[in-house]
Amino acid sequence: MNTVLVGQVVNSGILLALGATLYAAPGPLLTPHSVPFGIRVPPDKADAPEVAEQRRRYRALFLPATLTVTVAALVLGAVLDSVAVGGVAAVVLCVIAAALWLRAHRALARAKERGDWYARVRQGAVMDTSLRTDPVRLPWAWTIPSLVVVVVTAVAGAIVYPGLPGMMALPARSSNGTVYREITTTFWTAFSLVFAQILLTVVVIGTVAAVLRARADLDVSRPRSSAARHRRYLALTARSLLGIAALLNLMLLGLSGMMWSGSRSGAVLSLVIGVPLLAAVAVSVPLVRMGPGGSRATLDGADGSGGADGSGGADGSGGLDEGTGLVPRDDDRHWYGAGTIYVNADDPAILVPRRVGLGWTVNLGFARGLIERRSKRRAGPA
């Protein structure tokens, strides 16, 4: 089988998947409804003509760009006999999407300022204190699969280590596809992927613990149902991340087996890498369907309160919440890079919900704010 041809097919699939993700980025599937293109707007302006126009322009320009870059990558990859073109093409797609996003961001910022969208609305903020007093717990049971895979890999390595040859082959990606790099067999190289499993597991558990303590971006107009949705989203996020960690550890187990056995089968390598990655994507689908911060989550109970296990209350529409008449505060001044970078020294939160895409981002002003607050406490009252 022509490895370059296979690489080109894989690269085209990756480029199309990346293009589809970036194409969908401005929509509510991947971006909070009230912050189109990273601009905070009142809820009644989230689908304003100005917003719809910028979404249309972004997609109308990005779709042909995706097709052009993908075709060009296939042609150049065939001419140059290299799959490295796919990586360059992916970077080009991201740059195009970033440029179009920045253009739409600036256009909406001007429209918001001209229309004075926050002139006649009541702004407010809401906090669910129970997320501190009765937080969503880290589901330790979901760490067991990762730990079991790590132990199995380590035990298997201990069994085969005495009989390993002096040199082992480790698959690596190159400009001409997958190559096998010869490495000297030592304890550290033989168990290198086991150490990677341990590091991955620790990092994911730490990330989950941090996410469960991150600041919630609740809907100030419907606080009870929003808090319940957030709890459900946190519970699903924790289980999903730990499940993905187990799948990636399984992939590393397979790669360890290939390295120890000296196998160079392309079919086996494709299964070892492809199956866990596809399963990880499948595990991520429910998170995407729930929307940013769980905004589209449906809740089971009737009281809208939600429990620490993420089960939640209220119906999916939040209809049992009494509307507060408030809208989220206009906090654009703390966001930079077209809504991708958050800097607020007055916010004690380290992690805050992202404005662009799913998940959380780091408050880059946290360290400065922490130093300033400690300095004020040491100085005492004036």
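## Phe-37, a residue in a loop

Let's start with Phe-37, which sits in the loop between H1 and H2. This is a predicted model, and in it Phe-37 has a positive phi of about 55 degrees, although this residue is not a glycine. Why is that worth a second look? Most residues other than glycine have a negative phi.

Is Phe-37 buried or exposed? Its relative accessibility is 0%, so Phe-37 counts as buried, since the cut-off for that label is under 20%.

## Asp-116, another positive phi

Now move along the chain to the loop between H3 and strand S1 (122-124), where you will find Asp-116. Asp-116 is not a glycine either, yet its phi is positive, at about 50 degrees. With a relative accessible area of 46%, Asp-116 is partly exposed.

## The largest nonpolar core

Phe-37 also turns up in the largest nonpolar core, which has 26 residues. Which residues have the most contacts inside this core? They are Leu-15, Phe-37, Tyr-58, Phe-62 and Trp-101. Helix H1 (3-24), helix H2 (49-80) and helix H3 (84-115) each supply at least two residues of the core. H3 gives the most, with 10 residues.

Try finding Tyr-58 in the structure and looking around it. Leaving aside residues up to four places away in sequence, Tyr-58 touches Leu-22, Tyr-23, Pro-26, Phe-37, Ala-97, Leu-100 and Trp-101. Two of these names, Phe-37 and Trp-101, are familiar from the list of residues with the most contacts inside the core.

There is also a second, separate core of 24 residues. Among its members are Val-208, Leu-242, Met-290 and Ala-297.

## Two helices side by side

Next, look at helix H5 (residues 144-160) and helix H7 (residues 192-212). Their axes are 10 Å apart, and the two helices pack at an angle of about 165 degrees. How should we describe such an angle? Angles over 145 degrees count as roughly antiparallel, and H5 and H7 are therefore roughly antiparallel to each other. Their crossing is left-handed.

Which residues meet where these helices pack? From H5 come Ser-146, Leu-147, Val-149, Val-150, Thr-153 and Ala-154, and they meet Val-194, Gln-197, Ile-198 and Thr-201 in H7. Sorted by class, this contact has six nonpolar residues, four polar ones and no charged ones.

Technical notes:
Residues are numbered from 1 along each chain as its sequence is written. This is a predicted model: local features need pLDDT of at least 70, side-chain atom pairs count only at pLDDT 80 or more; totals for chains, interfaces and linings use all residues. Side-chain values use heavy atoms; hydrogens and water are left out. Axes are lines fitted to C-alpha atoms, for helices over the stretch in contact, and angles run from 0 to 180 degrees between N-to-C directions. Helices (H or I, at least four residues) and strands (E, at least two) are DSSP runs, numbered from the N terminus. Angles under 35 degrees count as roughly parallel, over 145 as roughly antiparallel, 65 to 115 as roughly perpendicular and the rest as oblique. A crossing is left-handed if the near helix is turned anticlockwise from the far one by less than a right angle, and right-handed if clockwise. Contact means heavy atoms within 4.5 Å. Ala, Val, Leu, Ile, Met, Phe, Trp, Tyr, Cys and Pro count as nonpolar, Asp, Glu, Lys and Arg as charged, and the others, Gly among them, as polar. A nonpolar core is a set of buried Ala, Val, Leu, Ile, Met, Phe, Trp, Tyr and Cys residues joined through side-chain atoms within 4.5 Å. Buried means under 20% relative accessible area, exposed over 50%, partly exposed in between (1.4 Å probe, protein chains only).
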